[in-house]
Amino acid sequence: MNFHVIGVNHNSAPLEVRERLAVPEAQLPDAIRSLVQQPGVDEGMVLSTCNRVEVVTSTKQAADLRGFLGRYFGLDVAALNGHIYEFQQREAVRHVFRVASSLDSMVVGEPQILGQVKEAYAVARGLGAVHSSLEALLSRAFAVAKRVRSETAIGSSSVSVASVAVQLAEKIFGSLEGKTVYLVGAGKMAELAARHLIAHGAENIIISNRTHERAVDLAESFGGRAVPFEQLYETADHADIILTSTGASEPLFRREHGERLRKGRRNRPMFFIDIAVPRNVHPDMNKLDGMFVYDVDDLQSVATDNAGERKKEAERAEKIIELEVDRFASRMKSLAVVPTILSLQEYCETIRQAEIDRIRGKLGSITPEQEAAIDAMTRGIINKLLHTPITTLKSSTDHPEAATIHEMIRRLFNLNTGKPKE
Amino acid sequence: MLPLFWLRVALSLYGVGLLYALASFWGGRKVLTRITLPAVGLGMVFHFVSIIENAMFSGTWTPTSMHGLESLLAFVLMVFFFVIYARYRATSPGLAVFPLVFWLTFSASSYAEPTEPSAPLFVSTQWIYIHVALILIGYSALFFSFIASILYLIQERNLKTKAGMHGFWSRLPALATIDEIGFKCLIWGFPFMTLGLIAGSILAEARYGTRYFADPKILLSGLMWVVYMVLLYTRWSAGWRGKRAAYLATFAFGAAVLAWAANNFSQTHRFIAP
C-alpha cells in the first residue's frame with residue numbers, strides 16, 4: 001500500500017493549464033470512477049478547486065497517474081510535465097496535510113480549502129472509492145487542519161483590504177448584526193467591501209451617490225435604500241459604518257461634521273472606511289472620541305502587517321505538520337503488519353483444527369473435559385510458538401529492515417499463497 | 001485553624017491568576033492561559049468553603065473583622081468575574097481583578113484569627129448582613145465598571161493609533177462589548193449600592209441618631225454614591241463613553257476606595273461594639 005498524489009496548483013501551473021484540468025462538480029463522480037479503474041489504484045479521490053486540481057490515491061502497485069491525467073483530459077502529458085507535481089508515501093502524506101491545513105493555499109490560512117477537501121472526500125467516499133487507507137489519511141488530515149487552526153493564529157488575521165475592514169468593524173462593534181452601513185459613492189470597491197460587511201451580518205444599507213441612478217440600482221441589489229446626495233449630511237447619523245469612495249477633491253467629512261454626527265448618535269462610536277483617493281474623510285476626524293477613521297493606506301498596512309504575522313504562524317504550522325506526518329507514518333507502519341499477524345494466526349489455527357480432527361477418530365469416545373483439555377493444550381502450544389514472531393513484527397515497525405523482517409515471516413510461514421501446506 | 005487553612009489554599013490558587021496578570025504584560029502567557037481559569041475557579045470553591053467555615057466558627061454570616069470583610073469582597077469580585085466571563089467570554093478584566101483579589105485574600109489570610117467567637121455585634125445581625133452584602137455587590141459592580149472604562153480607553157487608543165491586529169492589547173474584547181460590560185455593571189450595581197447605603201443609614205439612625213452622618217466614612221460613601229449616580233445618568237442620557245466616562249468612573253472608584261479605607265478611622269462605623 002502506497003500513497004500517491006499528483007496534481008497542479010497555483011504555484012506549479014498557470015491558469016490556462018489549471019483550467020484544462022479542472023473537473024466540474026457534475027463530472028466529479030465520473031472522474032473518480034475512471035481513476036479507481038486504473039491499474040494499481042486501490043482507492044482514489046479528486047480535488048478540484050479554482051487554485052488546484054489534485055488526484056490523491058492509495059495504490060497497491062505502481063500506477064501511472066500521469067498517464068491517467070493525459071488520457072482522461074485528452075492532453076499531451078509531455079506538455080504538462082513542467083507543471084505537474086507528484087508525491088509518494090511520506091511526501092504525499094505531508095502534502096495532503098498541508099493542503100487541508102491551508103498552508104499550500106494561494107492566501108495561506110484561508111479557511112475555504114478545508115471545506116473543499118471535505119467535500120471531495122465525501123463524494124469519493126459516497127462512491128466507495130475511499131475506504132481504508134485514504135479514509136485514515138483524510139480523517140487524520142482533518143484533525144491536523146483543526147489542530148493547526150487552533151494552535152496557530154494562521155487563520156485569525158485578514159490579508160485583504162475588504163476583510164481587514166470587516167475585522168476592524170468587528171473590533172469596534174463586536175457583532176455587525178443590526179448595524180447600518182452607509183455607502184457614500186457606489187463604485188466597484190465600495191460594492192465589494194459592502195458585500196463583505198453584509199456577509200458578516202450588517203443589515204441596513206444606505207447608498208448615496210452623485211449619480212443617483214447608480215445608487216438606486218445598487219440599493220436594489222442589496223435590498224437597501226438610496227438617498228439623494230444632497231441629503232447626505234442629514235442622513236449620515238443613521239450609519240454605524242460609513243464607507244466613502246467618491247471622487248470628491250475635498251474631504252466630504254470633516255471634524256465639524258463629526259461633532260454634529262456624534263451628538264446625533266448620542267456618542268455611539270462610528271467607523272469611517274475611506275477608500276477614496278484623495279481622501280473623503282479628513283484625518284482630524286480620527287481625533288474625535290468615538291470616531292474611527294481608516295483610509296486606504298491604513299487598511300493596507302494592517303493587511304500587510306497581518307500577512308507578515310501569518311508567515312510567522314505558517315512556520316509554526318509547518319512544524320506541527322512535520323510532527324503529525326511522523327505520527328501518521330509510524331501508525332501506518334504498525335497497521336501494515338496487522339494483516340500478516342491475522343493470517344499467521346489463521347494459518348496456525350487451520351493446522352490445529354486439522355490435527356485435532358485427525359486424532360479424534362483414534363481416541364474413541366472422550367469426555368467433554370478431555371476434549372476441552374486437548375483444545376486448551378493445542379491452543380497453548382500455538383500461542384507460545386507465535387508469541388515471538390508476533391511481538392517481533394509489532395516492534396519491528398521502526399526497524400530499518402522492517403520490510404525484510406515482515407517479508408521473511410510471510411515466507412517462512414508461506415503466507416503469500418494463502419494456503420498452508422499439508 | 002481550619003477556616004484560614006482553606007483560605008490559604010484559595011490564596012495559592014489565586015496566585016496563579018496573579019501570575020497570569022503579571023505575565024500578560026511581558027507577553028508570554030500561553031501555558032498560564034490554559035490553567036488560570038480552572039485554577040482561580042477552584043480557588044473560588046475553597047474560598048467559599050472557608051467563608052462557610054468562618055461563619056460556622058464565629059456563629060454569624062456577617063464578617064466580624066476587616067479581614068473577614070476583605071475575604072468576602074474578594075469572593076464577590078470573583079463571582080462577578082465568572083458571571084461576566086460566562087456572558088461575554090472576556091478574560092481581560094482578570095488583569096485587574098486577579099491582583100486585587102489576591103491582595104485582598106492575602107490580607108485576609110495573613111492575620112491571626114480570633115481564638116474564640118467574637119463579641120456580639122451591636123446591632124441586629126440580619127440587618128448588618130443585608131447591609132454588608134448589598135454594599136459589597138455594589139462595590140464589585142463599581143470596580144468592574146471602572147476596569148471596563150479603562151479597558152475601553154486602551155482599546156479605543158489601540159484602534160485610533162491603528163496599532164494592528166496582534167500584540168498584547170489586541171486580545172481585548174470588541175469596543176462595544178467592553179462598553180456593554182461597563183454599562184451593565186453600573187446598572188446592576190446601582191440599586192445594590194443604593195439599598196445597601198439605605199440599610200446602613202437605617203441601622204445607624206436607630207443606633208446613633210443623626211450625629212452618625214457627620215462621620216468621614218458616611219460622607220465619603222455619600223460622595224461615592226453621588227458620583228455613581230452622575231456616571232449612570234450621563235451614560236444613560238447622553239451616552240458618555242471613552243475619556244469622560246473613564247474620568248468619572250475613576251473618580252467614583254477613588255471615592256469608593258476611600259470610603260472602604262475609612263473604616264480604619266471612622267468613629268462610629270466599627271465592627272465590634274465599643
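Start by selecting strands β5 (residues 180-184) and β6 (residues 204-208) of chain A: the two run parallel and are joined by five bridges. This is a predicted model, so keep that in mind at each stop. Zoom in on Leu183(A) and you will find Ile207(A) of β6(A) opposite.

Now widen the selection to the sheet around this pair. Six strands of chain A form an open sheet with parallel pairing, in the order β7-β6-β5-β8-β9-β10. Colour β7 (225-226) and β10 (291-295) of chain A separately: they stand at the edges with a single partner strand each, so one side of each has no neighbour in the sheet.

Move next to strand β8 (residues 241-244) of chain A, which pairs with β9(A) in the parallel sense over four bridges. A good place to centre the view is Ile242(A), which stands opposite Phe272(A) in β9(A).

Stay with β9(A) for a moment. How many of the residues of strand β9 (residues 270-274) of chain A are buried? Five of its five are, and the strand is mostly covered. In a regular strand, side chains alternate between the two faces of the sheet. Select Met270(A), Phe272(A) and Asp274(A) for one side of β9(A), then Phe271(A) and Ile273(A) for the other; all are buried, and both faces are covered.

Time for the other sheet on this tour. Show β2-β3-β1-β4 of chain A, which is the strand order of an open four-stranded sheet with antiparallel pairing. Its edge strands are β2 (41-48) and β4 (85-88) of chain A, each pairing on one side only. Neighbouring strands here are turned by 15 degrees against each other on average, direction ignored.

Within this sheet, pick out β1 (residues 2-9) and β3 (residues 52-59) of chain A, an antiparallel pair with eight bridges. Asn2(A) has Thr59(A) as its bridge partner in β3(A). Then add helix α3 (residues 65-73) of chain A, which lies across β1 and β3 of chain A and runs at about 45 degrees to β1(A).

Zoom out to the whole of chain A. It has 16 helices and ten strands, and buried residues make up 37% of its 422 residues. Of the contacts in chain A with a separation of 6 or more, 69% are between residues 24 or more positions apart.

Now bring chain B into view. Where the chains touch, 16 residues of chain B are in contact with 21 residues of chain A. On the chain B side, select α5 (125-160), α6 (175-208) and α8 (242-261), each of which supplies at least two residues. The largest share, three residues, comes from α6(B). By class, this side of chain B divides into seven nonpolar, five polar and four charged residues.

For the last stop, select helices α3 (residues 66-88) and α4 (residues 94-109) of chain B. They pack at an angle of about 155 degrees with their axes 8 Å apart, which makes α3(B) roughly antiparallel to α4(B). Is their crossing left-handed or right-handed? The crossing of α3(B) and α4(B) is left-handed. To see the contact, show side chains including Leu73(B), Leu77(B) and Phe81(B) of α3(B) together with Val97(B), Leu100(B) and Leu104(B), among others, of α4(B). The contact of these two helices has ten nonpolar, five polar and one charged residues.

Notes
Residues numbered from 1 in each chain as written. Chains lettered and ligands numbered in written order. Predicted model: local features only at pLDDT ≥ 70, side-chain atom pairs only at ≥ 80, totals over all residues. Axes fitted to C-alpha atoms, helices over the stretch in contact; angles between N-to-C directions. Parallel < 35°, antiparallel > 145°, perpendicular 65-115°, else oblique. Left-handed = near helix turned anticlockwise from the far one by under 90°. Contact = placed C-beta atoms within 7 Å. Nonpolar A, V, L, I, M, F, W, Y, C, P; charged D, E, K, R; others polar. Pairing = 2+ DSSP bridges. Buried ≥ 20, exposed ≤ 12 C-beta atoms within 10 Å, placed from the backbone.
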